[in-house]
Every structure is written in structure tokens, then in C-alpha cells.
Amino acid sequence: MPYWLLKSEPHEYSLADLQRDRTSLWEGVRNYQARNYLQAMQKGDFAFFYHSSTQALGIAGLARVQHTNLVDSSQFEPSSPYFDPKSTKENPRWWTVELEFVQAFPRVIALDTLREHFSSEELILLRRGNRLSVMPVEEAVAKRILRLK
DNA sequence: GCCAACGTTGGC
DNA sequence: GCCAACGTTGGC
């Protein structure tokens with residue numbers, strides 16, 4: 001079962017927001033590599049929910065992929081910050097998945113803690129200059145992350 | 001707010 | 001298809 005890591009700025013959308021909403025569409029990914037990973041997601045996959053651009057940097061909890069390969073409708077919406085004028089309904093560029101809340105960890109697994117336990121080879125998140133908002137996590141690494149919670 | 005890293009754009 | 005300019009990301 002593949003695992004993923006998703007980055008979100010909690011002041012935009014936090015794990016607590018997902019807990020409140022129960023499910024959410026993961027809209028607004030506008031990077032082709034991240035999009036390709038989104039398209040590779042399968043129903044039932046787990047996703048670590050990482051909080052970026054905040055004081056408590058780290059993995060806040062777990063979500064699960066509930067629906068896959070959905071068209072990201074925000075690309076067609078001129079008033080949306082995610083509007084893409086080059087995208088058409090006949091040939092959409094951007095896709096999304098629906099996530100389901102699974103759990104909030106008792107404590108956020110801090111970025112520093114992740115650095116202590118994993119190499120940048122093991123965790124794409126830790127790679128220098130990494131800006132991907134969607135990335136795969138090897139199952140063995142995922143199991144070790146879960147033990148840190 | 002700084003700035004390194006890196007993706008995208010567009011002129012040529 | 002090259003590459004300079006520019007914009008964005010995200011930790012610090």
C-alpha cells in the first residue's frame with residue numbers, strides 16, 4: 001500500500017480543518033511532478049499531512065485517499081487563485097483526489113525529529129531545495145515514521 | 001523579511 | 001532548444 005506526504009500551510013488548510021470537514025478535495029496543485037504523483041494515488045493509500053510555513057513544522061497526522069483522478073474544477077474558475085487560463089474542460093491539466101481524515105498524531109512529528117531519524121535519500125521532504133507539495137514515501141520509511149508518533 | 005532553490009515563461 | 005528574467009516556495 002503506497003504512502004504519500006502532502007504539504008499544506010495550516011493557515012490555509014490544516015489537519016484540524018480536515019478533521020472538521022471529514023473529507024476534502026486536494027485542489028490547487030499546479031506543479032507537473034506533484035500532479036503526476038496525485039494521478040498515481042490509489043483509493044486507500046495513506047498520506048502524511050505535513051504542516052509547512054508555520055511555527056510547528058512537521059507531520060500533524062494521517063489522511064487517506066478516498067477518491068482518485070478527479071478533475072480539479074478550480075482551474076476553470078476565473079475568481080480562484082488556482083485558475084489556469086490555458087486549461088480547457090475538454091482537456092483539463094490539473095487533477096485532484098479526495099482525502100479522508102484518519103487521525104491527528106498526539107504531537108506533531110517535528111521536521112527536526114524527521115531529520116534526526118531519516119536521511120534526505122529516504123525522505124524527499126528533507127532534500128535540499130525540495131519544493132514538491134506531493135511526494136511518495138517508501139512503505140518501510142512510512143512504518144518508521146508511524147513509530148515516532 | 002531574507003534568500004537559496006528551482007519551476008516557468010518567452011524572446012531569440 | 002537555449003537561457004535570462006522572473007515568480008514562487010518554504011525554512012530560517
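## Helix 2 and its packing

The buried residues of helix 2 pack against strand 5 (95–110) and strand 6 (134–137). In this predicted model, helix 2 spans residues 32–40, and its buried residues are A34, R35 and L38. These residues lie on the same side of helix 2 because they cover an arc of only 100° around the axis.

The start of helix 2 carries a contact of its own, in which a side-chain oxygen of N31 comes to within 3.0 Å of the backbone nitrogen of Q33. N31 is also one of the residues that surround DNA strand B, a strand taken up again below.

## Helix 4 and the nonpolar core

Helix 4 covers residues 139–147, and its buried residues are V141, A142 and I145. Seen down the axis of helix 4, these buried residues fall within an arc of 100°, so they line one face of the helix. A140 and R147, by contrast, are exposed on the other side of helix 4. The partners against which the buried residues of helix 4 pack are strand 1 (3–8), strand 3 (46–51), strand 4 (58–71), strand 5, helix 3 (111–117) and strand 6.

In soluble globular proteins, nonpolar side chains tend to be buried together. The largest nonpolar core in this model has 41 residues, and those with the most contacts inside it are W26, F48, I59, L114, V137 and I145. I145, which is also one of the buried residues of helix 4, touches F48, I59, I109, L114, F118, L123 and V137 when residues up to four places away in sequence are not counted. Four of the residues named for their contacts inside the core, namely F48, I59, L114 and V137, thus appear among the contacts of I145.

V141, found in helix 4 as well, is buried, with a relative accessible area of 3%. Leaving aside residues up to four places away in sequence, V141 touches F118, E122 and L123. The C-alpha atom of V141 is separated by 24 Å from that of S53, a residue 88 residues apart from it along the chain.

## Surroundings of DNA strand C

The residues that surround DNA strand C are K7, Y50, S52, S53, L57, L111, R115 and R131. By class, the surface near this strand divides into three nonpolar, two polar and three charged residues. Of the atoms of DNA strand C within 4 Å of the protein, 80% belong to sugar or phosphate, and the rest belong to bases.

Several polar contacts go to phosphate oxygens of this strand. A polar side-chain atom of K7 lies 2.8 Å from a phosphate oxygen of DNA strand C, whereas for S53 a backbone N or O atom lies 3.0 Å from a phosphate oxygen of the strand. An N or O atom in the side chain of R115 is 3.3 Å from a phosphate oxygen of DNA strand C.

## Surroundings of DNA strand B

DNA strand B is surrounded by N31, Y32, R128, G129 and R131, and the surface near this strand has one nonpolar, two polar and two charged residues. Among the atoms of DNA strand B within 4 Å of the protein, 67% are part of sugar or phosphate, with the rest in bases.

What does a polar side-chain atom of R131 lie 2.2 Å from? The partner is a base oxygen of DNA strand B. R131 also belongs to the residues that surround DNA strand C.

## Individual residues: S24, R22 and N69

S24 has its place in strand 2 (residues 23–25) and counts as buried, at 14% relative accessibility. Apart from residues up to four places away in sequence, S24 touches Y13, L18, V97, E98 and L99.

Two residues deserve a check of their backbone torsions. R22, although not a glycine, has a positive phi of about 75°; R22 is found in the loop between helix 1 (15–21) and strand 2, and at 52% relative accessibility R22 counts as exposed. For N69, a residue other than glycine, phi is near 50° and is likewise a positive value. N69 lies in strand 4, and its relative accessibility of 39% makes N69 count as partly exposed.

How values were computed. Residues are numbered from 1 along each chain as its sequence is written. Chains are lettered from A and ligands numbered from 1 in the order in which they are written. This is a predicted model: local features need pLDDT of at least 70, side-chain atom pairs count only at pLDDT 80 or more; totals for chains, interfaces and linings use all residues. Side-chain values use heavy atoms; hydrogens and water are left out. A residue is near a molecule or strand if one of its heavy atoms lies within 4 Å of it. A polar contact is a pair of N or O atoms within 3.5 Å; within protein, one must be able to donate a hydrogen and the other to accept it, and residues adjacent in sequence count only if both atoms are side-chain atoms. Ala, Val, Leu, Ile, Met, Phe, Trp, Tyr, Cys and Pro count as nonpolar, Asp, Glu, Lys and Arg as charged, and the others, Gly among them, as polar. A nonpolar core is a set of buried Ala, Val, Leu, Ile, Met, Phe, Trp, Tyr and Cys residues joined through side-chain atoms within 4.5 Å. Buried means under 20% relative accessible area, exposed over 50%, partly exposed in between (1.4 Å probe, protein chains only). Contact means heavy atoms within 4.5 Å. Helices (H or I, at least four residues) and strands (E, at least two) are DSSP runs, numbered from the N terminus. The arc is that of the directions from the helix axis to the C-beta atoms.
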